[in-house]
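Got the model open in your viewer? Here is a short tour, one selection at a time.

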Amino acid sequence: MTKYTQVFQGTAFSSKSPKEVQILKDYLFFINTNGMIEQVVAPEDADYQMLLDAYQGKENFHRLADGQYFLPGFVDLHVHAPQWAQAGTALDIPLHDWLNTYTFPIESKFSDLDFAQNVYQDVVSTLLANGTTTALYFATVHKEASILLAEICAEQGQRGLVGKVVMDHPDNNPEYYRDADTQTALADTEEFIIAIKELAKSTKQGVYPVVTPRFIPSCTDEALLGLGALAAKYDTYVQSHCSESDWEHSYVQERFSKNDAFALHDFGLLRDKSVMAHCNFLTDDDADLFAETGTAVCHCPISNAYFANSVIPIAHLHAKKVEIGLGSDISGGFSPSLFDNARQAVISSRMLEDGVNTALPAEERGVPNSRITINEAFYLATAGGGESLSLPIGRLEANYAWDVQIIDTAVSSAKLPIYQTNEDLHDVFQKIMYLARPENIREVWVQGEKVHSRMS
């Protein structure tokens, strides 16, 4: 009989498709030494009872208690790790002012590695406690602190994709916080990529370097071209902001006479491993280019409500075959929880469909067919994120990583309103998605290793 490192029994929820959630009632999950799901066995399968008899009672067998459920770990496609230090502040001012008054001063402090260590350890452990097993991080312009963030992900067991941010444009970045010059920005990025690829060799769950021009306004043409070349040379991920707000969208059109998507593509920055945050102002041509190049959109619904001057048409982009995942955008989004962001994704889509200006008649007020369901928001937070990163994560099925949250609906301080022993499991799933808090996340596993545990 095959040797498994861990065997789990319990009811799980996993995305079958963007709109359909699969309910895996009392399934067995067999995890191999690499932390991958090797086998998934349903109660009706012929060998279920034989396998159950063989493993239950063993030290590596885990049966969920009543009221507990498995969810895939969440995939957060957009986190500004240094901004955890300012989360929850200054969300009532325009984006340009917010960056220059609050964000750049905070990020400039990450030249101090002790300060960086404190913040980065907290943000990684906070995200794990909120069920985020994979995070795509912007760090800062500082090479050493950016490497430190990847090391902390490796130590704490989170799958971290980390970018040393490039901001070399002398006119568009403050003197106290930018790369010394274009050559230094590119040399530091290359050294960073090499260091993270070396670190990845000894990290079970994986850490990955990410080429990270902050956004077009912060970079010179030479830097953008050089970053595109580095992404191709080392086959790395790429991340940036794209068509986020009126200000940023207009700036790029003025500078290049084209939208962000086509400008980024000209520099070699749209590829199958690219994730672009926000993208609220994508045209249909932009969306087609994303679909063609395999570039994913990261939807940041809470942050967008504050800074994007718009609601992104997620349903429309999905219909155009664009890959989409979910992001918290700490700290443009105040919450480190993708539960909160999934909820806001549904709310924002309803507001887009119904419209908000009551001075207009109902039929003119909104954008038809814009709403998404909680099933779709769950997909964005899990399988959609995995597909956006082209990694085998975000689903509970064979050949995917064992990245899970164990949700306890009966925990005394945050009990969910489930009163019938035979409550419909899809209703239980919806209650989890709308009501779960960090207290309900009993354990978090990444790549078959327990990385977070909350005592009763």
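Start by selecting Lys273, which is partly exposed at a relative accessible area of 23% (buried means under 20% relative accessible area, exposed over 50%, and partly exposed in between, with a 1.4 Å probe and protein chains only). This is a predicted model, where local features need pLDDT of at least 70 and side-chain atom pairs count only at pLDDT 80 or more, while totals for chains, interfaces and linings use all residues. Residues are numbered from 1 along each chain as its sequence is written, and side-chain values use heavy atoms, with hydrogens and water left out.

Now add Asp235: its side chain meets that of Lys273 in a salt bridge, 3.4 Å from N to O (a salt bridge is a side-chain nitrogen of Lys or Arg within 4 Å of a carboxyl oxygen of Asp or Glu). The pair ties together distant parts of the chain, 38 residues apart: Lys273 sits in the loop between α8 (260-266) and β12 (274-278), and Asp235 in the loop between α6 and β11 (237-242). Helices here are DSSP runs of H or I with at least four residues, strands are runs of E with at least two, and both are numbered from the N terminus. Asp235 is partly exposed too, with a relative accessible area of 41%. Bring in Arg271 as well, since salt bridges with shared partners join Asp235, Arg271 and Lys273 into one network.

Next, pick Asp221 and Arg255. Their side chains meet in a salt bridge of 2.7 Å, N to O. This is another link between distant parts of the chain, with Asp221 in helix α6 (residues 221-234) and Arg255 in helix α7 (residues 246-256), 34 residues apart. Asp221 is partly exposed at 32%, and Arg255 is partly exposed at 25%.

For a bridge inside one helix, go to α12 (residues 338-354), where Arg343 and Asp340 lie three residues apart, about one turn of the helix. Their closest N and O atoms are 2.9 Å apart in a salt bridge. Which partner is buried and which is partly exposed? Arg343 is buried, at 13% relative accessible area, whereas Asp340 is partly exposed, at 29%. Over the whole structure, a search finds 21 salt bridges.

Time for some helix packing. Show α4 (residues 143-156) and α5 (residues 182-200): they pack at an angle of about 20 degrees with their axes 10 Å apart. Axes are lines fitted to C-alpha atoms, for helices over the stretch in contact, and angles run from 0 to 180 degrees between N-to-C directions. That angle makes α4 roughly parallel to α5 (under 35 degrees counts as roughly parallel). To see the contact (heavy atoms within 4.5 Å), select residues including Ile147 and Ala150 in α4, and Phe192 and Ile196 in α5. By class, this contact has seven nonpolar, one polar and four charged residues.

Last stop: keep α5 and add α6. Their axes come within 10 Å and cross at roughly 20 degrees, so α5 is roughly parallel to α6. On the α5 side, select Thr182, Leu186, Thr189, Glu190, Ile193, Ile194 and Lys197; they meet Glu222, Ala223, Gly226, Leu227, Leu230, Lys233 and Tyr234 in α6. The contact of α5 with α6 has seven nonpolar, three polar and four charged residues. In these class counts, Ala, Val, Leu, Ile, Met, Phe, Trp, Tyr, Cys and Pro are nonpolar, Asp, Glu, Lys and Arg are charged, and the others, Gly among them, are polar.

Methods
Parallel < 35°, antiparallel > 145°, perpendicular 65-115°, else oblique.
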